[in-house]
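Open the structure in your viewer and keep the selection tool at hand. Each stop below tells you what to select and what you will find there.

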Amino acid sequence: MKRENVLIPEAELARQRAFMGKIRTFWGETQPAACVETFGCQQNVADGQRLMGMLETCGFRFTNEPKEADLVLVNTCAVREHAEQRVFGNLGILTHSKKENPQQVIVLCGCMAQEERVAKRIRESYRHVDLVFGPQALWKFPELLWQVYENRKRVFSIQDEHGSIAEGIPVVRERGVKAWVSVMYGCNNFCSYCIVPYVRGRERSRDPEAVLAEVRQLVQEGYKDITLLGQNVNSYGNDLDIQYDFSDLLREIDQIDGDYWIRFMSSHPKDATQKLFDTMAQSRHVARQLHLPFQSGNDRILREMNRRYTRAQYLELVQYARSVMPGLVLTSDVIIGFPGETEAEAMDTVSLVKEIGFDALFTFLYSPRPGTKAAEMPDPVPRAEKQKWFDALLEVQNAQSAALHGAYIGQTVRVLVDGESGDADFPLTSRTEGNRLVRLKGGPELAGHFIDVKITDSNTWALYGEPV
């Protein structure tokens, strides 16, 4: 797809701003309320913040109570069946608020909305939903919403599109120290278990100057923990027709003055390079933390997953990363129970976890996604059997996490205080450079600051400490 067909022209963006003005005028002196609920990954969170930015420009204020809202927006995730069922459950509950307020507009968007089978189900069985659109149509949300208000008819925008990039969309970020910055959109990998490439379109990278300007602005505004997002950030720049990759982008961001950390996810092993790890090691601001999903420790399963690397290649990447970044905090994603996986193959995954010693894992029992290649594969092993393999994995990882955390007791570490915990004994939450959760003693005046903390206790999931 040619680059000029990816970037949304300024004239089209101006047209969307005009629709925002129309919606604001539509409400007159009344300030409508919007309730926005986002499911899924950080990319969804970033999308939700842009949707909130457009709603705020349309004149909306925000509430957490659907019954109080003139508009309810559900921003969905399609990666796992559990998240999908939660969305349908929430949509069912919204029939009550719609009955109490027939003028309420209910919006379904995000990855689920882009799936044809989901859109059909919404059209036929959830007739109280007024607007449905996928990630590719996010930039024209004001126009779609205006069509609902103007015509009082249901609107569906789920065309099969490659995707686009729209710069300059307003953003509403949570108050605090953390911010998300999308550096690219879409995915070209087509892992056999994953629906994302089908709903988010092909890979497309934002212009480096646009990313740099956004990060620079965030640092000036006081954000101190900034995460760069992409389905595979290591593919950044492949479509820019210039000799510029993700490592180059990190190097330029690192030159921005300020006291802040840069993180990134997700990073695909097939595209991770020594250049990337060298850049991380040489930087001032890029955290020595790497989330590198391996998914399986068995080569046959990796082939079936279409991951395009081997166990040995993954181990080689980890070895090099740790050699240039001693103390690197390493996390990963793993799937147990892939179709056709045997117990021996699942135990290869467990053995890899033991061999590497991950700081933490995001662990998943395989969840079939209709429309993917894996969903059509024979899957003879009962879920109960897969659960035993999964439990074995958790036992190993939890023990590793507890041991790694225990080694911190007595150490003094630098943390960024990022919020309140609700725990009377340890009322603050904070993160180390390696993104480890540290629960703290101390007052709310510490929020938003880097401080030194002495670690006094730990468990599998967190460290505990007090300011030095």
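The tour goes through helix pairs, cores, an open sheet and a barrel. Keep in mind throughout that this is a predicted model.

**Stop 1: helices H1 and H6**

Select residues 10-27, helix H1, and residues 141-151, helix H6. The two pack at an angle of about 40°, and their axes are 8 Å apart. The crossing of H1 past H6 is left-handed. Now show the side chains in the contact. From H1, pick Arg 15, Gln 16, Phe 19, Met 20, Lys 22, Ile 23, Phe 26 and Trp 27. From H6, pick Phe 141, Pro 142, Glu 143, Leu 145, Trp 146 and Tyr 149. Colour the residues of this contact by class: 10 are nonpolar, one is polar and three are charged.

**Stop 2: around H6**

Stay with H6. How many of its 11 residues are buried? Eight are, so H6 is largely enclosed by the rest of the structure. Select them: Phe 141, Pro 142, Glu 143, Leu 144, Leu 145, Trp 146, Val 148 and Tyr 149. What do these buried residues pack against? Show H1 again, then add helix H2 (42-57). Next bring in four strands: E3 (71-76), E4 (105-110), E5 (131-133) and E6 (155-157). Before moving on, click Arg 152, just after H6. Arg 152 has a positive phi of about 50°.

**Stop 3: the cores**

The largest nonpolar core has 56 residues. Which of them have the most contacts inside it? Select Val 215, Leu 228 and Phe 264. Centre on Phe 264. Setting aside residues up to four places away in sequence, Phe 264 touches Thr 227, Leu 228, Val 233, Phe 246, Leu 250, Leu 276, Met 280, Val 286 and Leu 290. A second core is separate and has 31 residues, among them Trp 27, Leu 55, Trp 139 and Leu 144.

**Stop 4: helices H8 and H9**

Select residues 208-220 for helix H8 and 246-254 for helix H9. Their axes come within 10 Å and cross at roughly 35°. Here the crossing is right-handed. On the H8 side, show Pro 208, Val 211, Leu 212 and Val 215. They meet Leu 249, Glu 252 and Ile 253 of H9. This contact has six nonpolar residues, no polar ones and one charged.

**Stop 5: an open sheet**

Three strands come next, in the order E12-E13-E14. They form an open sheet with parallel pairing. Select E12 (289-291) and E14 (360-365), the edges. Each has a single partner strand, so one side of each is left without a neighbour in the sheet. From one strand to the next, the twist averages 10°. Now add E13, residues 329-336. E12 and E13 run parallel and are joined by three bridges. Click His 291, then Thr 331 in E13: they stand opposite each other.

**Stop 6: the closed barrel**

Which strands make up the closed barrel? Five do, running E15-E16-E17-E19-E18, and the pairing is mixed. The twist averages 50° from one strand to the next. Strands of a sheet pair through backbone hydrogen bonds.

Begin with E16, residues 428-432. Four of its five residues are buried, so E16 is largely enclosed by the rest of the structure. On one side, select E15, residues 412-420. E15 and E16 are antiparallel, with five bridges. Glu 420 faces Leu 428 of E16 in this pair, standing opposite it.

Next select E17, residues 437-440. E17 runs antiparallel to E16, and four bridges join the two. Look for Ser 430, which stands opposite Val 438 in E17. E16 and E17 form a hairpin with four residues between them. In that turn, Asn 435 has a positive phi of about 70°.

**Stop 7: E18, E19 and the loop between**

Select residues 450-458 for E18 and 463-467 for E19. These strands are antiparallel and joined by five bridges. Ile 455 stands opposite Gly 465 in E19.

End in the loop between E18 and E19, at Thr 460. Is Thr 460 buried or exposed? Its relative accessible area is 16%, so Thr 460 is buried, the cut-off being under 20%. Which residues does Thr 460 contact, leaving aside neighbours within four places in sequence? Show Asn 398, Ser 401, Ala 402 and His 405.

How values were computed. Residues numbered from 1 in each chain as written. Predicted model: local features only at pLDDT ≥ 70, side-chain atom pairs only at ≥ 80, totals over all residues. Heavy atoms only, no water. Buried < 20%, exposed > 50% of the residue type's maximum accessible area, 1.4 Å probe, protein only. Pairing = 2+ DSSP bridges. Axes fitted to C-alpha atoms, helices over the stretch in contact; angles between N-to-C directions. Core = buried A, V, L, I, M, F, W, Y, C linked by side-chain atoms within 4.5 Å. Contact = heavy atoms within 4.5 Å. Left-handed = near helix turned anticlockwise from the far one by under 90°. Nonpolar A, V, L, I, M, F, W, Y, C, P; charged D, E, K, R; others polar.
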